[in-house]
Amino acid sequence: MLDIPENLHPAVAQSLTTWHDMVERADLKALESIVHPEATFRSPMSINPYAPAEALVMALSTVITVFENLTYHRQFASDDGLNVVLEFSADVGDRSVKGIDMIRFDEQGLITDFEVMIRPFNGLQALGAAMAARIGDKLPSFKVRK
């Protein structure tokens, strides 16, 4: 596991450790315990976010079953210790992806916003197809309309 940035708020450091432990086990059953009830998920497939927490938990609990060889490489923290960026790589079928998770926490260490960016485009397309096959009939109902 990566070293936790030293400047993280203590509650965020604890939640980030929980996150990494869950990802390492590919078991996100405890995810709800570190997510704020009004959290927002920002998918790389949509400009509009998804909310509340149920959408974030559904998306992340599903993607962990799609990704193979998920590995975090680097992590960065904001000066206030409430935001992290995690760089990762993974495989989706025969496609490789690189990406970042941008995660905002509150002072209690709960995730309030989780945004994912992924490249290259053909890997994103493969991920989108795999996710649509699993939750394409459920996730759209959580989309926040502007």
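This briefing walks through the salt bridges of the structure above and how exposed some of their partners are. Please keep in mind that the model is predicted. In total, six salt bridges are present. Three pairs are described one by one below, followed by a network.

**Asp27 and Lys29**
- A salt bridge links the side chains of Asp27 and Lys29, with an N to O distance of 3.6 Å.
- Asp27 has a relative accessibility of 24%, so this residue is classed as partly exposed.
- Its partner Lys29 is exposed, because its relative accessible area of 74% is over the 50% cut-off.

**Asp94 and Arg95**
- Asp94 pairs with Arg95 in a salt bridge whose closest N and O atoms lie 4.0 Å apart.
- On the acidic side, Asp94 reaches 73% relative accessibility and therefore counts as exposed.
- On the basic side, Arg95 is partly exposed at a relative accessible area of 35%, a value that falls between the 20% and 50% limits.

**Asp137 and Lys138**
- Here the side chains of Asp137 and Lys138 come together in a salt bridge, at 3.4 Å from N to O.
- Lys138 shows a relative accessible area of 40%, which means that this residue is partly exposed.
- Asp137 is exposed, with 64% relative accessible area.

**A shared network**
- Beyond these pairs, Arg74, Glu87 and Lys98 belong to one network, joined by salt bridges that share partners.

Note on methods. Residues are numbered from 1 along each chain as its sequence is written. This is a predicted model: local features need pLDDT of at least 70, side-chain atom pairs count only at pLDDT 80 or more; totals for chains, interfaces and linings use all residues. Side-chain values use heavy atoms; hydrogens and water are left out. Buried means under 20% relative accessible area, exposed over 50%, partly exposed in between (1.4 Å probe, protein chains only).
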